[in-house]
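Subject: Structure handover

Hello,

Here is the structure we spoke about. Please load it before reading on; my notes follow.

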Amino acid sequence: MTNLGELSVGPQGLGCMGMSQSYGVGDERESIATIHRALELGVTLLDTADVYGAGANEELVGRAIADRRDSVVLATKFGLGSGTRVVRGDAEYVRSACEASLRRLGVDHIDLYYQHRVDPEVPVEETVGAMASLVEQGKVRYLGLSEAGADTIRRAHAVHPITAVQSEWSLWTRDIEESVAPTCAELGIGVVPFSPLGRGFLTGRVTSVDELAEDDMRRNLPRFAEGNFDRNLAIVAALRELAERRGVTAGQLALAWVHHRGPNVVPIPGTKRVKYLEENVAAASLSLTPEELRAIEAAAPTAAGDRYPAEHMRLLDR
């Protein structure tokens with residue numbers, strides 16, 4: 001087990017977003033089988049959000065864990081939507097969003113409740129104060145932030161202990177290492193990397209954008225754009241060569257690198273298939289030497305292209 005603050009979880013979590021959106025057509029039966037298999041393998045942290053599938057993902061996760069709630073550390077998020085107010089963190093909204101998530105999930109409490117994006121129009125102290133009230137009411141056990149900068153993390157933590165900070169962290173997304181990860185380590189806050197496999201790119205399974213479904217979100221990401229995609233394939237080729245020496249896959253090597261980022265780090269690779277879940281879980285037990293870690297990092301220089309389109313990059317708190 002690994003600690004996120006005072007919250008004990010398995011060494012790896014499961015990101016459930018792709019079961020309901022962003023990566024092509026979902027299969028509920030296979031998705032639920034994947035969640036059940038995850039729990040069997042010691043993956044206790046399940047991650048969802050109210051915006052995933054416009055609430056459908058929370059409902060799916062709720063159905064999957066209905067008869068095994070005690071085996072799950074349930075994490076969900078609020079505050080990222082669409083329309084004129086994309087990000088919200090006002091106290092009234094925090095309370096209403098939590099009630100809605102509890103209904104969709106079919107539970108009486110959420111184990112780890114994140115603010116999905118920091119609202120630039122609302123002081124984080126107000127947002128976290130409202131989240132703290134949910135803890136007092138027994139509706140939430142622990143609090144988290146997603147994509148928050150170091151200063152915001154400190155201000156939030158001064159209001160109520162922050163248990164975990166979720167942010168993208170992988171071989172091709174390492175900006176968290178500059179200030180966010182050190183701040184979390186200083187304050188005893190866990191780090192939950194999402195997309196630790198570069199949205200599947202680092203596995204080497206995607207060799208052309210044309211292979212992706214028409215509604216796959218990756219078609220709109222700069223790193224998958226023409227020109228950038230081919231340049232980034234060089235990273236995968238180098239990883240595959242190193243992985244072959246260890247008898248593992250490129251994805252397992254990339255994921256093992258994230259596991260080696262520190263004792264308070266619990267990545268949540270997303271998948272909707274049992275096969276890939278089992279492959280990911282195996283990476284958690286892969287031990288890498290300092291020499292191997294250096295070789296892996298040398299094989300993965302800065303990725304070509306931003307993480308998101310410009311309008312989404314503006315939502316990140318830095």
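What volume does the second largest pocket have? About 200 Å³. Please keep in mind that this is a predicted model.

**Pockets**

The second largest pocket has 14 lining residues. Nearest its centre are Trp-172, Thr-173, Arg-174, Arg-223 and Thr-302. By class, the lining of this pocket splits into 6 nonpolar, 3 polar and 5 charged residues.

The largest pocket holds about 1,300 Å³ of space. Its lining counts 50 residues. Met-17, Ser-22, Tyr-23, Arg-199 and Met-217 lie nearest the centre of the largest pocket. The class split for this lining is 21 nonpolar, 18 polar and 11 charged. Helix 9 (274-283) and helix 11 (310-313) each contribute at least two residues to the lining of the largest pocket.

**Helix 5**

Helix 5 spans residues 150-159. Its buried residues are Ala-150, Thr-152, Ile-153 and Ala-156. They sit on the same side of helix 5, because they cover an arc of only 155° around the axis. As a reminder, an α-helix has 3.6 residues a turn, so residues three or four places apart point the same way.

What do the buried residues of helix 5 pack against? Two helices and two strands take part: helix 4 (124-136), helix 6 (180-187), strand 7 (140-146) and strand 8 (162-168). The face turned away from the buried side of helix 5 carries Asp-151 and Ala-158, both exposed.

**Two loop residues**

His-116 is in the loop between strand 6 (110-115) and helix 4. Is His-116 buried or exposed? Its relative accessible area is 4%, under the 20% cut-off, so His-116 counts as buried. Leaving aside neighbours within four places in sequence, His-116 is in contact with Ala-49, Val-51, Tyr-52, Lys-77, Phe-78, Gly-79, Leu-80 and Ser-146. The C-alpha atoms of His-116 and Ala-148 are separated by 8.9 Å. Along the chain, these two are 32 residues apart.

Gly-305 is in the loop between helix 10 (290-299) and helix 11. Gly-305 is partly exposed, at 28% relative accessibility. Not counting residues up to four places away in sequence, Gly-305 touches Pro-222, Arg-223 and Asn-228. Arg-223 also appears among the residues nearest the centre of the second largest pocket. The C-alpha atoms of Gly-305 and Leu-4 are separated by 31 Å. Those two residues are 301 apart along the chain.

Best wishes

Conventions
Residues are numbered from 1 along each chain as its sequence is written. This is a predicted model: local features need pLDDT of at least 70, side-chain atom pairs count only at pLDDT 80 or more; totals for chains, interfaces and linings use all residues. Side-chain values use heavy atoms; hydrogens and water are left out. Buried means under 20% relative accessible area, exposed over 50%, partly exposed in between (1.4 Å probe, protein chains only). Helices (H or I, at least four residues) and strands (E, at least two) are DSSP runs, numbered from the N terminus. The arc is that of the directions from the helix axis to the C-beta atoms. Contact means heavy atoms within 4.5 Å. On a 1 Å grid over the protein atoms alone, a cavity is a set of points where a 1.4 Å probe fits but cannot get out, and a pocket is an open set with protein on both sides within 12 Å along at least five of seven lines; lining residues have an atom within 4 Å of a point. Grid points are joined across faces, edges and corners, and a volume is the space filled by probe spheres set on the points. Ala, Val, Leu, Ile, Met, Phe, Trp, Tyr, Cys and Pro count as nonpolar, Asp, Glu, Lys and Arg as charged, and the others, Gly among them, as polar.
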